[in-house]
Amino acid sequence: MKQEFTITVFSENQVGVLTQITNVFTRRNLNIESLTTSMSAVPGVHKFTIVVFATHDEIEIVRNQIEKRIDVIKAFVLTEDEIIHQEVALYKVPTKALLSGNEIESLVRKYGARILEVTEEYTVIEKTGHQNETQELFDKMDKYGVLQFTRSGRIAVTKSKNEFLDNYLKTIEQKQKGLSAN
């Protein structure tokens, strides 16, 4: 049975790593639902957050294939109950629609969104939340003529106290110390 997984991949920040990782999904005919990359808390280490629907067996094969890439340090497969995640959505609406009534302002307040910029022509609104929340706000604001809409990929942290990569790196370091002592 397919379910949603979030894969976090830690790698060196090298040209071509993204292509190598996405090719693993392409070869398995798995569609990436969202993808976000950024620096991690570890200096020099980049973090990819990838959301995909797959079976447990498919996702384990993908994780193993990703970890075989030279520049990849480690990949972790996480389920919804193991992470805290958010996305950011931006909505550009005509300022005329904002000023013609209280509806858009009420939606902004109701959904915990905020107004980022107001010009004579347009107003940009930001909403942080889960995909269903940002989509619901889009659906309600679209009747006022949303000019542009974009949503980021997922960003996530684990519910674990420590980053899984830190634990992995400590384990590797201890193994190396054990080998050098022998």
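Here is a short conversation about a predicted model, with questions on T123, its strands and a cavity.

Author: Welcome! Residues are numbered from 1 along each chain as its sequence is written, and side-chain values use heavy atoms, with hydrogens and water left out. As the model is predicted, local features need pLDDT of at least 70 and side-chain atom pairs count only at pLDDT 80 or more, while totals for chains, interfaces and linings use all residues.

Reader: Why is T123 called buried?

Author: T123 has 0% relative accessibility. Buried means under 20% relative accessible area, exposed over 50%, and partly exposed in between (1.4 Å probe, protein chains only). At 0%, T123 therefore counts as buried.

Reader: What makes the link between the side chains of T123 and T95 a polar contact?

Author: The distance given for that pair is 2.9 Å. A polar contact is a pair of N or O atoms within 3.5 Å; within protein, one must be able to donate a hydrogen and the other to accept it, and residues adjacent in sequence count only if both atoms are side-chain atoms. The T123 and T95 side chains make such a contact.

Reader: Which residues is T123 in contact with, leaving aside its neighbours within four places in sequence?

Author: Contact means heavy atoms within 4.5 Å. The partners of T123 are Y91, K92, V93, T95, L98, I115, E117 and V118.

Reader: How do you know that β6 and β7 pair?

Author: Strands are DSSP runs (E, at least two residues; helices are H or I, at least four), numbered from the N terminus. Two strands pair if DSSP finds at least two bridges between them. Strand β6 (residues 114–118) and β7 have four bridges, in the antiparallel sense. T123, within β7 (residues 122–129), is the bridge partner of V118. A hairpin of three residues joins β6 to β7.

Reader: What makes the space lined by T8 and F10, among others, a cavity?

Author: On a 1 Å grid over the protein atoms alone, a cavity is a set of points where a 1.4 Å probe fits but cannot get out; lining residues have an atom within 4 Å of a point. Volume is the space filled by probe spheres set on the points, which are joined across faces, edges and corners. The search finds one cavity of 30 Å³ or more, and the largest has a volume of about 30 Å³. Its lining includes T8, F10, A156, V157 and T158.

Reader: Which strand supplies the largest share of that lining?

Author: That is β9, with three residues. Strand β9 (residues 155–158) has A156 and T158 on its covered face, and H85 stands opposite A156.

Notes. 1 Å grid on protein atoms, 1.4 Å probe; cavity = no way out; pocket = protein on both sides within 12 Å on 5 of 7 lines; lining within 4 Å.
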